[in-house]
Amino acid sequence: MHRKINIAIDGYSSCGKGTLAKALAKALGYVFIDSGAMYRAVTLYMQREGVNVDDEDAVSLALEHVVVGFQNNAEQQSEVTLNGVCVESEIRNIEVASKVSEVAKIGAVRTKMVALQQAIGSNKGVVMDGRDIGTVVFPDAELKIFMTASQEVRAQRRFAELLAKGDDVTLEEIAKNLQHRDAIDASRENSPLTMTADYRVLDNSDLDRDAQFALAMGWVEAAIQGV
Ligand code: CDP
């Protein structure tokens, strides 16, 4: 029997972390956790309640009323819940995206989400994607992958995703949002997006899903064997 490991996938906005994480979790029979969905759910709560997300104290206070979790849908895919209700679709809209990085830089928000993420990963067998998974959440993860892709490719991919959902957005709006979030995520004081020497870098600008999966699976097998 293979030992179970934790796999951390970090990187910039919209570079396909979730796609790879889901595929790896499925192939390995592991749990997939989209940590970004948790920050998005907190942001949705603040927006619904009319909390000013630029007011850290107000957000920290309102956070006491927020319970974020995951549940499996009929297709056994994990979906994020906010106070017990699935919000998987709502959290992907541009309104939430426009403010999520402001909410995610608040210390109290990170402390609460990281504690939950660490509890989920305590028994291993988790693939989690985000910005600080290999640096803060699971610093001892057996495999850490840093994903990246060119800005144009990332904006095009997210634009196509939202168009397919029927959202009324422009490519320019998406590109601006990705740049805005990347800038905040990489420069914030609390757990900025960064990479350490123990990460494997995966640039998928010119890789299709199968090629990136094959590359990552090779790393997974080596990590399971401890090499
Ligand atoms: O899917 P996409 O790349 O657009 O972003 P996401 O993974 O849904 O994350 C949304 C936002 O949550 C990011 O831009 C970060 O501000 C924040 N986030 C974070 O701070 N830490 C994480 N571990 C994951 C997401």
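Trainee: At the start of H4, what does a side-chain oxygen of Asn93 reach to?

Mentor: In this predicted model, that oxygen of Asn93 comes to within 3.2 Å of the backbone nitrogen of Glu95. A polar contact requires a pair of N or O atoms within 3.5 Å, and the Asn93 oxygen and the Glu95 nitrogen, within 3.2 Å, satisfy that distance.

Trainee: What makes helix H4 largely enclosed by the rest of the structure?

Mentor: Helix H4 spans residues 94-104, and eight of its 11 residues are buried, so the helix is described as largely enclosed. Buried here means under 20% relative accessible area, and the residues that meet this limit are Ile94, Val96, Ala97, Val100, Ser101, Glu102, Val103 and Ala104.

Trainee: Which helices do the buried residues of H4 pack against?

Mentor: They pack against helix H2 (35-48), helix H5 (107-120) and H8.

Trainee: Why is the pair of Tyr12 and Phe146 called edge-to-face?

Mentor: The structure holds two aromatic pairs, and in the one formed by Tyr12 and Phe146 the ring centres are 6.0 Å apart, with 90° between the planes. Rings pair if their centres lie within 6.5 Å, and planes over 60 degrees apart count as edge-to-face, so the Tyr12 and Phe146 values fulfil both conditions. Tyr12 lies in the loop between strand S1 (6-11) and helix H1 (17-28), whereas Phe146 lies in strand S7 (residues 143-148), so the pair ties together parts that are 134 residues apart in sequence.

Trainee: Are Phe146 and Tyr12 buried or exposed, or in between?

Mentor: Phe146 has a relative accessible area of 8% and is therefore buried, being under 20%. Tyr12, at 28%, lies between the 20% and 50% limits and so counts as partly exposed.

Trainee: How do you know that the rings of Phe146 and Tyr199 form a pair, and of which kind?

Mentor: Their centres are 6.1 Å apart and their planes stand at 80°, so this pair is edge-to-face. Tyr199 sits in the loop between helix H8 (171-187) and strand S8 (200-203), and its pairing with Phe146 in strand S7 ties together parts that are 53 residues apart in sequence. Tyr199 is buried, with a relative accessible area of 8%, and ring pairs link Tyr12, Phe146 and Tyr199 into a cluster.

Trainee: Which residues have the most contacts inside the largest nonpolar core?

Mentor: That core has 35 residues, and those with the most contacts inside it are Val42, Met46, Val66, Val68 and Val109. H2 gives the most to this core, with eight residues.

Notes
Residues numbered from 1 in each chain as written. Predicted model: local features only at pLDDT ≥ 70, side-chain atom pairs only at ≥ 80, totals over all residues. Heavy atoms only, no water. Phe/Tyr/Trp six-rings, centres within 6.5 Å; stacked < 30°, edge-to-face > 60°. Helix = DSSP H or I, 4+ residues; strand = E, 2+ residues; numbered from the N terminus. Buried < 20%, exposed > 50% of the residue type's maximum accessible area, 1.4 Å probe, protein only. Contact = heavy atoms within 4.5 Å. Polar contact = N/O pair within 3.5 Å; in protein donor to acceptor, adjacent residues only side chain to side chain. Core = buried A, V, L, I, M, F, W, Y, C linked by side-chain atoms within 4.5 Å.
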